[in-house]
Amino acid sequence: MAEIKIIIFEGPMCCLGGLCGPAPDPILIDIQNTITELQKEFKDSVEIVRANMITNFKDFLDNWDVYQRITKEGLSALPITKVNGKIIAEGSYPNLEMLKSEVERIITNLVKEDSLKIDADKRR
Amino acid sequence: MDEELEIIRKRKMVEMLNRLKQDERKPVLVRIFDLLLSAASCGPSGCGSGGCGPSIMSENLAELETLAYNLVTKYGKERIRFELVNILDTSIQNYKDVYEVLREKKGESLPIISINGEIKFVGRVPTFEEMDRAINAVM
């Protein structure tokens with residue numbers, strides 16, 4: 001199971017992923033590339049989901065902080081990116097660097113926690 | 001003396017009639033809270049031709065429309081008024097009790113229907129009989 005879960009909440013788009021029509025938005029191509037890169041680098045330890053408003057609206061209500069922002073700022077608050085429950089980007093897509101550093105930070109913390117646990121076990 | 005009484009009686013009657021008229025003018029307000037998306041909100045870039053993708057509105061809209069139509073047919077459009085509130089709209093924050101239901105029941109809560117400001121149905125489209133009873137109770 002992935003230790004790190006990234007969810008990107010997106011506004012309504014004409015099709016899943018938004019890469020449709022004669023002129024797909026370059027921003028959407030970028031985020032798809034970012035996701036692919038991240039998945040390649042961290043493999044199974046990172047799970048990335050794009051929550052589409054049309055098909056996954058329940059995800060928006062389940063993440064109350066995300067819904068709350070929409071009701072305050074309107075759809076312009078989207079896209080919102082959450083990493084392990086924490087909002088790290090709002091109003092625009094995060095870039096690869098941003099996501100990478102957040103994932104690395106979490107992994108470092110997890111490793112620290114693990115080694116503390118091992119130390120404690122040894123002492124027992 | 002009799003004349004004075006007559007004047008008072010007439011005045012009272014006019015007052016009463018006015019009150020009745022005012023009551024008639026005030027229709028029952030049914031608010032429907034649901035998720036509404038339209039093709040107009042298609043994509044950050046839109047889609048050139050405009051002909052792509054689904055134009056999605058609420059899943060319940062067809063059912064709600066029939067319900068509203070049947071109720072208006074029975075009571076007349078002067079007696080009953082419908083308002084559709086998109087839960088994505090910032091105005092949703094004005095309806096504190098609805099916001100609370102959404103927070104508690106999440107996706108299970110839609111649609112939410114209130115009658116004269118009081119929440120009556122949560123998470124489903126009521127039948128005509130149920131709505132009829134609820135509306136009759138406040139008329």
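Trainee: What share of the contacts in chain B with a separation of 6 or more comes from residues 24 or more positions apart?

Mentor: They account for 55%. Two residues count as in contact if their C-beta atoms, placed from the backbone, lie within 7 Å. Keep in mind that this is a predicted model, where local features need pLDDT of at least 70, side-chain atom pairs count only at pLDDT 80 or more, and totals for chains, interfaces and linings use all residues. Residues are numbered from 1 along each chain as its sequence is written, with chains lettered from A and ligands numbered from 1 in the order in which they are written.

Trainee: What makes up the secondary structure of chain B?

Mentor: You get 4 helices and 4 strands, in the order α-β-α-β-α-β-β-α from the N terminus. Those are DSSP runs numbered from the N terminus: H or I with at least four residues for a helix, E with at least two for a strand.

Trainee: Why is strand β2 of chain A called largely enclosed?

Mentor: A residue is buried if 20 or more other C-beta atoms lie within 10 Å of its own, exposed if 12 or fewer, and partly exposed in between, with C-beta atoms placed from the backbone. In β2(A), residues 46–52, 5 of the 7 residues are buried, so the rest of the structure largely encloses the strand.

Trainee: How do you know that β1 of chain A and β2(A) pair?

Mentor: Pairing takes at least two DSSP bridges between the strands. β1(A), residues 4–10, has 7 with β2(A), in the parallel sense. β1(A) also pairs with β3(A), residues 80–83, over 4 bridges, this time antiparallel. A:Ile6 stands opposite A:Ile48 in β2(A) and opposite A:Val83 in β3(A).

Trainee: What makes β2 and β4 of chain A edge strands?

Mentor: The open sheet of 4 strands in chain A runs β2-β1-β3-β4 with mixed pairing. β2 and β4 (86–90) each pair on one side only, which makes them the edges.

Trainee: How do you know that the buried residues of helix α3 of chain B are on the same side?

Mentor: In α3(B), residues 96–105, the buried ones are B:Val98, B:Val101 and B:Leu102. They cover an arc of only 100° around the axis, so they sit on the same side of α3(B); the arc is taken from the directions from the helix axis to the C-beta atoms. On the other side, B:Lys96, B:Asp97, B:Glu100 and B:Glu104 are exposed.

Trainee: What covers the buried residues of α3(B)?

Mentor: The cover includes α2 (57–62) of chain A, plus β1 (28–34), β3 (112–115) and β4 (118–122) of chain B.
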